[in-house]
Amino acid sequence: MSKGLANIMKQAQMMQQRMAKIQEEASLKTAEASAGGGVVTALVNGKNQVVSLTIKKEAVDPEDVEMLQDLVVAAVNEALTKVQAEIGQEMSKATGGLSIPGLF
């Protein structure tokens, strides 16, 4: 194997190790977002799991359940977007800006 090819293989292996570490650490990352002026707050982790959901009493109106549902969806989606963006930035650093499909 030529020295250049061996060097490329070594760099690829190092990048793979960095990406594996970032994926492992993703579960430790969290992001929080709120909706409705803070009456609904969602906390999610890097594994796309809802860790907690807080709903203040003033958000609960039996006559308007749809509004509460919309607020929950908005808060969860925003939190997921935040945590995935953070992980994506770290992946981009690890790959030197290369876009590798299927990573995150």
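In what order do the three strands of the open sheet lie, and is their pairing parallel or antiparallel? In this predicted model, the order is E1-E2-E3 and the pairing is antiparallel. Strand E1 (30-35) and strand E3 are the edge strands, each pairing on one side only. On average, neighbouring strands of the sheet are turned by 10 degrees against each other, direction ignored.

Six bridges join E1 and E2 in the antiparallel sense. One bridge links Ala 31 with its partner Val 44 in E2. Helix H2 (residues 65-94) packs on this sheet and touches E1, E2 and E3. The direction of H2 makes about 150 degrees with that of E1.

Two residues of the sheet can be set side by side.

| Residue | Strand | Relative accessibility |
|---|---|---|
| Thr 41 | E2 (residues 40-45) | 18%, buried |
| Ile 55 | E3 (residues 50-55) | 37%, partly exposed |

Thr 41 counts as buried because its relative accessibility is 18%, and the cut-off for buried is under 20%. Leaving aside residues up to four places away in sequence, Thr 41 touches Glu 32, Ala 33, Ser 34, Ser 52, Leu 53 and Thr 54.

Ile 55 has a relative accessible area of 37%, so it is partly exposed: this class lies between the limits of 20% and 50%. Ile 55 also belongs to a nonpolar patch on the surface, together with Val 50, Leu 53 and Val 60. The accessible area of these four residues together is about 320 Å². Leu 53 thus appears twice, as a contact of Thr 41 and as a member of the patch.

Note on methods
Residues are numbered from 1 along each chain as its sequence is written. This is a predicted model: local features need pLDDT of at least 70, side-chain atom pairs count only at pLDDT 80 or more; totals for chains, interfaces and linings use all residues. Side-chain values use heavy atoms; hydrogens and water are left out. Helices (H or I, at least four residues) and strands (E, at least two) are DSSP runs, numbered from the N terminus. Buried means under 20% relative accessible area, exposed over 50%, partly exposed in between (1.4 Å probe, protein chains only). Contact means heavy atoms within 4.5 Å. Patches are made of residues with over 30% relative accessible area and no salt bridge: like charges are joined within 9 Å, nonpolar side chains (Val, Leu, Ile, Met, Phe, Trp, Tyr) within 5 Å. Accessible areas come from the Shrake-Rupley method with a 1.4 Å probe; for residues, only the protein chains shown count as cover. A salt bridge is a side-chain nitrogen of Lys or Arg within 4 Å of a carboxyl oxygen of Asp or Glu. Two strands pair if DSSP finds at least two bridges between them. Axes are lines fitted to C-alpha atoms, for helices over the stretch in contact, and angles run from 0 to 180 degrees between N-to-C directions.
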